[in-house]
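Reader: I should be grateful for a close examination of a single helix in this model. Please describe how it is placed among its surroundings.

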Amino acid sequence: ERHVYALTFEGRPQHVYIGQSIDPKRRLAQHRQSGDWYGLGAIILTPLAVYSGTRMDVERWELIWRVRAQQYGWRVFGGSNDDGPYVVDPMRRATRQDVSAAKRCKWPLGSARTARRPFAVMVLALTLIGVVLHHCLVQ
(Lines give C-alpha, C1' and ligand atoms only; values in the text may rest on other atoms or scores of the structure.)
Protein backbone atom coordinates (compact mmCIF):
# COMPACT_ATOMS: atom_id res chain seq x y z
CA GLU A 1 0.00 0.00 0.00
CA ARG A 2 1.18 3.47 -0.91
CA HIS A 3 -0.17 6.62 0.71
CA VAL A 4 -0.62 9.79 -1.33
CA TYR A 5 -0.43 12.88 0.87
CA ALA A 6 -0.45 16.67 0.71
CA LEU A 7 2.07 18.85 2.50
CA THR A 8 0.92 22.35 3.34
CA PHE A 9 3.04 25.11 4.77
CA GLU A 10 2.15 27.63 7.45
CA GLY A 11 4.26 30.30 5.74
CA ARG A 12 2.74 29.71 2.27
CA PRO A 13 -0.97 29.09 2.85
CA GLN A 14 -1.96 28.60 -0.79
CA HIS A 15 0.89 26.22 -1.69
CA VAL A 16 0.90 22.44 -1.56
CA TYR A 17 3.24 19.57 -2.32
CA ILE A 18 1.79 16.15 -3.25
CA GLY A 19 3.86 13.05 -2.54
CA GLN A 20 3.58 9.34 -1.80
CA SER A 21 5.08 6.97 0.72
CA ILE A 22 4.60 3.55 2.28
CA ASP A 23 5.20 5.20 5.68
CA PRO A 24 3.79 8.77 5.76
CA LYS A 25 4.92 9.54 9.34
CA ARG A 26 8.51 8.63 8.54
CA ARG A 27 8.32 10.55 5.25
CA LEU A 28 7.04 13.66 7.03
CA ALA A 29 10.01 13.50 9.41
CA GLN A 30 12.32 13.21 6.39
CA HIS A 31 10.70 16.25 4.76
CA ARG A 32 11.14 18.25 7.95
CA GLN A 33 14.79 17.21 8.37
CA SER A 34 15.75 17.73 4.73
CA GLY A 35 15.82 21.52 4.91
CA ASP A 36 14.20 21.63 1.45
CA TRP A 37 11.19 23.47 2.85
CA TYR A 38 13.16 25.78 5.15
CA GLY A 39 11.53 29.16 5.54
CA LEU A 40 7.99 28.00 4.72
CA GLY A 41 6.90 27.58 8.33
CA ALA A 42 5.40 24.51 9.93
CA ILE A 43 4.73 21.58 7.60
CA ILE A 44 1.40 19.79 7.88
CA LEU A 45 0.74 16.40 6.25
CA THR A 46 -2.81 15.65 5.10
CA PRO A 47 -3.58 12.11 3.88
CA LEU A 48 -5.34 12.04 0.51
CA ALA A 49 -5.72 8.37 -0.49
CA VAL A 50 -4.19 4.89 -0.27
CA TYR A 51 -3.44 2.85 -3.39
CA SER A 52 -2.05 -0.61 -4.02
CA GLY A 53 0.82 -0.82 -6.45
CA THR A 54 4.40 0.13 -7.06
CA ARG A 55 5.82 3.61 -6.76
CA MET A 56 5.55 4.03 -10.52
CA ASP A 57 1.92 2.81 -10.51
CA VAL A 58 0.97 5.47 -7.97
CA GLU A 59 2.85 8.32 -9.71
CA ARG A 60 -0.17 8.82 -11.98
CA TRP A 61 -2.33 9.33 -8.88
CA GLU A 62 0.16 11.91 -7.60
CA LEU A 63 -0.35 13.83 -10.85
CA ILE A 64 -4.14 13.48 -10.57
CA TRP A 65 -4.06 14.88 -7.02
CA ARG A 66 -1.84 17.77 -8.19
CA VAL A 67 -4.42 18.57 -10.85
CA ARG A 68 -7.15 18.45 -8.18
CA ALA A 69 -5.20 20.84 -5.97
CA GLN A 70 -4.80 23.26 -8.87
CA GLN A 71 -8.53 22.98 -9.65
CA TYR A 72 -9.13 24.30 -6.14
CA GLY A 73 -6.78 27.23 -6.67
CA TRP A 74 -3.69 25.88 -4.90
CA ARG A 75 -0.20 26.52 -6.25
CA VAL A 76 1.55 23.17 -6.56
CA PHE A 77 5.17 22.64 -5.57
CA GLY A 78 6.95 20.04 -7.70
CA GLY A 79 9.81 19.64 -5.28
CA SER A 80 12.89 21.54 -4.27
CA ASN A 81 16.22 22.38 -5.83
CA ASP A 82 19.16 24.63 -4.92
CA ASP A 83 16.87 27.68 -5.09
CA GLY A 84 14.22 26.10 -2.86
CA PRO A 85 10.75 24.82 -3.71
CA TYR A 86 9.53 25.43 -7.26
CA VAL A 87 5.97 25.75 -8.52
CA VAL A 88 4.81 23.44 -11.32
CA ASP A 89 1.79 23.35 -13.61
CA PRO A 90 0.39 19.80 -13.40
CA MET A 91 -1.86 20.48 -16.40
CA ARG A 92 1.19 20.40 -18.69
CA ARG A 93 1.46 16.62 -18.17
CA ALA A 94 -2.17 15.78 -17.47
CA THR A 95 -4.35 13.98 -19.98
CA ARG A 96 -8.11 14.41 -20.32
CA GLN A 97 -8.50 11.20 -18.35
CA ASP A 98 -6.33 12.63 -15.54
CA VAL A 99 -8.45 15.80 -15.38
CA SER A 100 -11.62 13.72 -15.34
CA ALA A 101 -10.24 11.47 -12.57
CA ALA A 102 -9.19 14.54 -10.57
CA LYS A 103 -12.75 15.85 -10.56
CA ARG A 104 -13.82 12.66 -8.79
CA CYS A 105 -11.21 13.07 -6.02
CA LYS A 106 -12.45 14.67 -2.80
CA TRP A 107 -10.01 17.50 -2.02
CA PRO A 108 -9.92 17.80 1.80
CA LEU A 109 -8.17 21.18 2.04
CA GLY A 110 -10.82 23.40 0.49
CA SER A 111 -10.32 26.22 -1.92
CA ALA A 112 -7.11 28.21 -1.65
CA ARG A 113 -9.20 31.26 -2.52
CA THR A 114 -11.34 30.85 0.60
CA ALA A 115 -8.21 30.20 2.66
CA ARG A 116 -7.41 33.91 2.22
CA ARG A 117 -10.76 35.07 3.59
CA PRO A 118 -9.87 35.05 7.32
CA PHE A 119 -7.04 37.51 6.63
CA ALA A 120 -9.32 39.76 4.56
CA VAL A 121 -12.01 39.65 7.26
CA MET A 122 -9.42 40.58 9.90
CA VAL A 123 -8.19 43.55 7.85
CA LEU A 124 -11.77 44.72 7.29
CA ALA A 125 -12.60 44.37 11.00
CA LEU A 126 -9.51 46.32 12.07
CA THR A 127 -10.33 49.04 9.55
CA LEU A 128 -13.89 49.33 10.86
CA ILE A 129 -12.64 49.46 14.45
CA GLY A 130 -10.24 52.23 13.47
CA VAL A 131 -13.01 54.23 11.78
CA VAL A 132 -15.33 53.86 14.79
CA LEU A 133 -12.59 54.83 17.24
CA HIS A 134 -11.63 57.82 15.11
CA HIS A 135 -15.29 58.89 14.93
CA CYS A 136 -15.68 58.56 18.72
CA LEU A 137 -12.51 60.54 19.42
CA VAL A 138 -13.42 63.34 17.01
CA GLN A 139 -16.76 63.91 18.77
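Author: A residue counts as buried under 20% relative accessible area, as exposed over 50%, and as partly exposed in between. The model discussed here is predicted. With a relative accessible area of 39%, Arg60 is therefore partly exposed. This residue, Arg60, lies in helix α2, and the helix as a whole merits a closer description.

Helix α2 comprises the 17 residues 55–71; at 1.5 Å a residue these should span 24 Å, and the end C-alpha atoms are 24 Å apart, in agreement with that expectation. Just after α2, Gly73 adopts a positive phi of about 90°.

Val58, Glu62, Leu63, Ile64, Trp65, Arg66, Val67, Arg68 and Ala69 of α2 are buried. The cover over the buried residues of α2 includes the strands β1 (2–9), β2 (12–21), β3 (43–51) and β4 (75–81), together with helix α3 (96–103).

The pairing with α3 can be described further. The axes of α2 and α3 come within 8 Å and cross at roughly 65°; the two helices are therefore roughly perpendicular to each other. The crossing of α2 and α3 is right-handed. On the α2 side, Arg60, Leu63, Ile64, Val67, Arg68 and Gln71 take part, meeting Gln97, Asp98, Val99, Ala101, Ala102 and Lys103 of α3. By class, this contact has 6 nonpolar, 2 polar and 4 charged residues.

To return to Arg60: leaving aside neighbours within four places in sequence, Arg60 is in contact with Gln97 and Asp98. Arg60 and Ala94 are 34 residues apart in sequence and 9.1 Å apart in space, C-alpha to C-alpha.

Technical notes
Residues are numbered from 1 along each chain as its sequence is written. This is a predicted model: local features need pLDDT of at least 70, side-chain atom pairs count only at pLDDT 80 or more; totals for chains, interfaces and linings use all residues. Side-chain values use heavy atoms; hydrogens and water are left out. Helices (H or I, at least four residues) and strands (E, at least two) are DSSP runs, numbered from the N terminus. The expected span of a helix is 1.5 Å times one less than its number of residues. Buried means under 20% relative accessible area, exposed over 50%, partly exposed in between (1.4 Å probe, protein chains only). Contact means heavy atoms within 4.5 Å. Axes are lines fitted to C-alpha atoms, for helices over the stretch in contact, and angles run from 0 to 180 degrees between N-to-C directions. Angles under 35 degrees count as roughly parallel, over 145 as roughly antiparallel, 65 to 115 as roughly perpendicular and the rest as oblique. A crossing is left-handed if the near helix is turned anticlockwise from the far one by less than a right angle, and right-handed if clockwise. Ala, Val, Leu, Ile, Met, Phe, Trp, Tyr, Cys and Pro count as nonpolar, Asp, Glu, Lys and Arg as charged, and the others, Gly among them, as polar.
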